[in-house]
Amino acid sequence: VQLVESGGGLVQPGGSLRLSCEASGSISSVYAMDWYRQAPGKQRELVASITIRTDTTRYEDSVKGRFTISRDSAKNTMYLQMSRLKPEDTAIYYCKANYYLDEFRTAWGQGTQVTVSS
């Protein structure tokens, strides 16, 4: 499985941004996908998750009510709609696929920078 993120950029506080993560390869083996972020000097943290079979979603507390994770199976793409952005949301955002191919595996995208600043 290969992942390519897009959609990052510079946005003012209170603004919105939508990240995309396009998957290719053994897509039928993917059972869940995640968005992570890593701010400078901090550990990478899980932001949101979605399961493929039931579209069950989960969010980190600080983004609940502001971020929405979704996916479009026809486009093999996962999204992260981010609203009411705050400076503390500034980070590199990564998408991750969890899949089973003979064994449990993960794949990561290259990351996309999100900067929230006035």
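Are Cys21 and Cys95 buried or exposed? In this predicted model, Cys21 is buried, and Cys95 is buried as well. The two residues are joined to one another by a disulfide, with a distance of 2.1 Å from S to S, and the count of disulfides comes to one. Cys21 belongs to strand 3, which covers residues 17-24, while Cys95 belongs to strand 9, which covers residues 91-100, so the pair ties together parts of the protein that stand 74 residues apart in sequence. The torsion about the S-S bond of Cys21 and Cys95 is about 65 degrees, and the disulfide is therefore right-handed.

The strands that carry these cysteines belong to a secondary structure that comes to eleven strands and zero helices. Followed along the sequence, the protein accordingly reads as β-β-β-β-β-β-β-β-β-β-β. For a protein of 118 residues, a compact globule would have a radius of gyration near 13 Å, and the 14 Å found for this protein agrees with that expectation. Taken along the principal axes, the box filled by the C-alpha atoms is roughly 45 × 25 × 25 Å. Of the 118 residues, 40% count as buried. When contacts between residues at least 6 apart in sequence are considered, 52% of them join residues at least 24 apart.

The protein exposes about 6500 Å² of surface, of which carbon and sulfur atoms supply 47%. Its charged side chains comprise 14 positive and 12 negative ones, and the centres of these two sets lie 4 Å apart.

Strand 3, in which Cys21 is placed, also contains Arg18 and Ser20. Ser20 has a relative accessibility of 15% and therefore counts as buried, since the cut-off for that class is under 20%. Beyond the residues up to four places away in sequence, Ser20 touches Val4, Glu5 and Ser6, together with Trp35, Thr77, Met78 and Tyr79. Arg18, by contrast, is partly exposed, with a relative accessible area of 46%. Once its neighbours within four places in sequence are left aside, Arg18 is in contact with Ser6 and Gly7, and also with Tyr79, Leu80 and Gln81. Ser6 and Tyr79 thus appear among the contacts of Ser20 and also among those of Arg18.

Arg18 can also be related to strand 8, which spans residues 77-82 and holds Met82. Although Arg18 and Met82 are 64 residues apart in sequence, the distance between their C-alpha atoms is 5.9 Å. Met82 counts as buried, because its relative accessibility is 0%. Apart from residues up to four places away in sequence, Met82 touches Gly15, Ser16, Leu17 and Leu19, as well as Arg66, Phe67, Tyr93 and Val114. One of these residues, Leu17, falls within the range of strand 3, residues 17-24, and another, Tyr93, falls within that of strand 9, residues 91-100. A further C-alpha to C-alpha distance, that between Met82 and Thr68, is 6.6 Å for residues 14 apart in sequence.

Several residues of the loops may be described next. Ser28 is located in the loop between strand 3 and strand 4, the latter covering residues 30-38. With a relative accessibility of 80%, Ser28 counts as exposed, the threshold for that class being over 50%. The C-alpha atom of Ser28 is separated by 9.6 Å from that of Ile52, a residue 24 places away along the chain.

Two further loop residues are notable for their backbone torsions. Asp55 is found in the loop between strand 5 (45-51) and strand 6 (57-59), where its phi is near 60 degrees, a positive value in a residue other than glycine. Asp55 is partly exposed, with a relative accessible area of 40%. Arg84, in the loop between strand 8 and strand 9, likewise has a positive phi without being a glycine, with a value near 45 degrees. Most residues other than glycine have a negative phi.

Definitions and conventions: Residues numbered from 1 in each chain as written. Predicted model: local features only at pLDDT ≥ 70, side-chain atom pairs only at ≥ 80, totals over all residues. Heavy atoms only, no water. Disulfide = S-S within 2.5 Å. Helix = DSSP H or I, 4+ residues; strand = E, 2+ residues; numbered from the N terminus. Buried < 20%, exposed > 50% of the residue type's maximum accessible area, 1.4 Å probe, protein only. Rg over C-alpha atoms; globule rule 2.2 N^0.38 Å. Contact = heavy atoms within 4.5 Å. Areas by Shrake-Rupley, 256 points an atom, 1.4 Å probe, with all protein chains shown as cover. Lys, Arg positive; Asp, Glu negative; His and termini not counted. Charge placed at Lys NZ, Arg CZ, Asp CG, Glu CD.
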